[in-house]
Each structure stands twice: as structure tokens, then as C-alpha cells.
Amino acid sequence: MAIITLLTDFGNTDHYVAEIKGVLLTEAPGVTLVDITHSVSPGDVRSGAYILGRTWHRFPSDTIHMVVIDPGVGTSRAALALAAAGHCFVGPDNGVFTPVLQDTPVETVLLPTPEAASPTFHGRDLFAPAAAALACGTLLQTLGQPFTGMPERLAYTIPHFEGKTIVGEIMYIDRFGTLVTNLTSELVPAYARLEVEDLDIGPLRRTYADVGTGGLLAYIGSAGAIEIAVRNGSAARRLGVGVGGSVRARLG
């Protein structure tokens with residue numbers, strides 16, 4: 001049976017995730033449900049997009065990815081189902097699918113909103129039934145009309161040179177307070193010195209133990225992007241910066 005991944009900002013305290021799973025298991029009996037996370041900060045589309053970009057391609061072909069980070073629920077924002085690289089995606093058109101749109105050609109349909117759908121809970125009443133239908137073999141094209149517009153994409157600072165400095169931005173902050181940037185090992189040589197909001201972090205290190213406890217360091221993370229951390233601490237708290245903050249690699 002198909003796999004459906006779930007990525008939401010609903011948390012695990014309330015009933016929302018359970019209601020969605022109830023719909024999925026009822027309409028697609030035997031489906032395998034995988035929780036990516038439900039701990040995205042409420043309405044944080046940028047973090048949701050980053051997590052989706054890190055995870056979707058790790059799953060087998062034919063996996064269905066249901067993403068419900070939807071601060072515009074009940075408004076005129078579109079509800080979409082997409083197919084890309086052998087995977088399907090269901091969720092709101094608010095930029096959360098940006099990494100998928102950047103990676104591969106995408107087929108997109110506009111999902112109709114059922115008359116009985118709650119205007120505040122499309123996760124349960126719109127996206128879960130669509131994901132369940134895909135899991136049961138329904139073709140994407142039969143779920144709705146072709147989407148003729150351009151799906152929303154989040155705007156990022158593209159890494160670029162300013163003199164002998166490569167400028168990028170913080171894309172994501174994990175639960176350890178690590179700052180994940182959009183600078184990569186292909187762009188930044190080993191001799192560069194990293195800065196966050198004009199504070200010198202130093203050269204690239206290999207791992208956390210290369211500095212003492214409480215020390216700041218920059219290193220190449222598991223996805224090939226430069227990350228800024230504090231050993232046994234939080235770089236976000238120490239530096240007081242957030243997503244969108246500036247990061248620089250000085251080459252000379």
C-alpha cells in the first residue's frame with residue numbers, strides 16, 4: 001500500500017493530527033503513514049518548505065506528501081495536488097512546495113473545495129481526502145482541473161558575490177538553535193571566514209568537537225550547506241538572529 005507523509009504545524013497536543021489520520025486510514029485502509037514533523041512553528045511556511053526539501057526525495061517513488069502549513073486556510077489561496085519525480089504532493093499554494101518546484105518538472109491540478117469543508121480545517125476536509133484518493137490509485141488528473149497559473153514560490157537571497165565576499169542567508173533554524181544557511185561547500189572554499197550579521201565566526205570546522213564547549217563554529221552540514229552552531233548551546237540564542245539573517249563568507 002502507498003506511503004503518505006505528514007508535515008504540519010498542528011503540534012501533538014491537540015486533536016488535529018488524529019482527525020487527519022482518521023480520515024486517511026478510513027479512506028485508504030492499510031496506508032502507511034509517516035510523520036515528518038508536526039512541530040513546525042505555527043504558520044512558518046519557510047521552515048516547512050525547508051523540511052520538505054530535505055525529506056521528500058528520501059522516500060520511495062509513489063510516496064504521497066501531505067503538507068498542511070496553511071495560514072491562509074479558508075481564503076482565496078489555491079489548494080493544489082502536484083506530481084514530480086514519481087512523487088505526489090498535496091497542500092496549499094503558499095510557497096511551501098518551493099523546493100519541489102525548483103528541483104524538477106511538476107504537473108499541477110487545482111483541488112476543488114468540498115461544500116461541507118470547514119473553512120478552518122482544510123487539512124482534514126480537503127487535503128486528507130485528496131491524499132487518500134491518490135493512495136488508492138486515483139490519477140492526479142482526475143482530482144481537479146489543471147492549474148494554469150504559476151504555483152507560489154518563496155523568495156530567497158540567492159548567494160552572490162560582493163567583492164571578495166559571498167553573501168547568503170539563514171534558511172532554517174533547527175531545535176538545537178543551529179543556523180542552516182544557503183551557502184554550500186561548492187561555493188565556499190575551506191580557507192574562507194564566516195560571518196553572521198557582521199560577527200566573525202571563523203574558518204570552517206569539521207565537527208562540533210573542533211571548538212570548546214560554548215564555542216561558535218561554522219561547518220558543512222549533512223546536506224552540504226554551511227551551518228553555524230554553538231557547541232552544547234544555541235547559535236540562534238547567542239547571536240539573536242533568525243531566518244532571513246545575513247551570512248557572509250570572506251575569501252580575502
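These exercises with worked solutions look at backbone angles, strand pairing, salt bridges and cysteines in the structure above.

The model is predicted, so local features need pLDDT of at least 70 and side-chain atom pairs count only at pLDDT 80 or more, while totals for chains, interfaces and linings use all residues. Residues are numbered from 1 along each chain as its sequence is written, and side-chain values use heavy atoms, with hydrogens and water left out.

**Exercise 1. Find where D62 lies, and decide whether D62 is buried or exposed.**

Step 1: Begin with the general background, which is that most residues other than glycine have a negative phi. D62 is not a glycine, and yet its phi is positive, at about 80 degrees.

Step 2: Place the residue in the chain, where D62 belongs to the loop between helix 2 (45-55) and strand 3 (64-68). Helices (H or I, at least four residues) and strands (E, at least two) are DSSP runs, numbered from the N terminus.

Step 3: Check the accessibility, for which buried means under 20% relative accessible area, exposed over 50%, and partly exposed in between, with a 1.4 Å probe and protein chains only. With a relative accessible area of 58%, D62 is exposed.

**Exercise 2. Work out which way strand 5 runs relative to strand 3 and to strand 4.**

Step 1: Recall the rule that two strands pair if DSSP finds at least two bridges between them.

Step 2: Strand 3 and strand 5 run parallel and are joined by three bridges, and F89 in strand 5 is the bridge partner of H65.

Step 3: Strand 4 and strand 5 run antiparallel and are joined by six bridges, with H87 in strand 5 as the bridge partner of A84.

Step 4: Look at the turn of this hairpin, which has two residues between the strands and in which A85 takes a positive phi near 50 degrees. A85 is not a glycine either.

Step 5: Finally, consider the surroundings of strand 5, in which six of the six residues are buried, so the strand is largely enclosed by the rest of the structure.

**Exercise 3. State how many salt bridges there are, and describe some of them.**

Step 1: Apply the definition, in which a salt bridge is a side-chain nitrogen of Lys or Arg within 4 Å of a carboxyl oxygen of Asp or Glu. By this rule the count is eight.

Step 2: One of them joins R248 and E162 at 3.1 Å, N to O. Because R248 lies in strand 15 (residues 246-250) and E162 in strand 8 (residues 160-162), the pair ties together parts that are 86 residues apart in sequence. E162 is partly exposed, at 39% relative accessible area.

Step 3: Another joins E195 and R250, whose closest N and O atoms are 2.6 Å apart. This pair links distant parts of the chain, with E195 in strand 11 (residues 193-196) and R250 in strand 15, 55 residues apart. E195 is buried at 11% relative accessibility, whereas R250 is partly exposed at 33%.

Step 4: Salt bridges that share partners also join E19, R124 and D125 into one network.

**Exercise 4. Explain why C88 and C136 form no bond with each other.**

Step 1: Use the cut-off, by which a disulfide is a pair of cysteine sulfur atoms within 2.5 Å.

Step 2: The cysteine sulfur closest to that of C88 is in C136, but it is 13 Å away, which is too far for a bond. The structure holds zero disulfides.

Step 3: Compare the accessibilities, where C88 is buried at 17%, while C136 is partly exposed at 45%.
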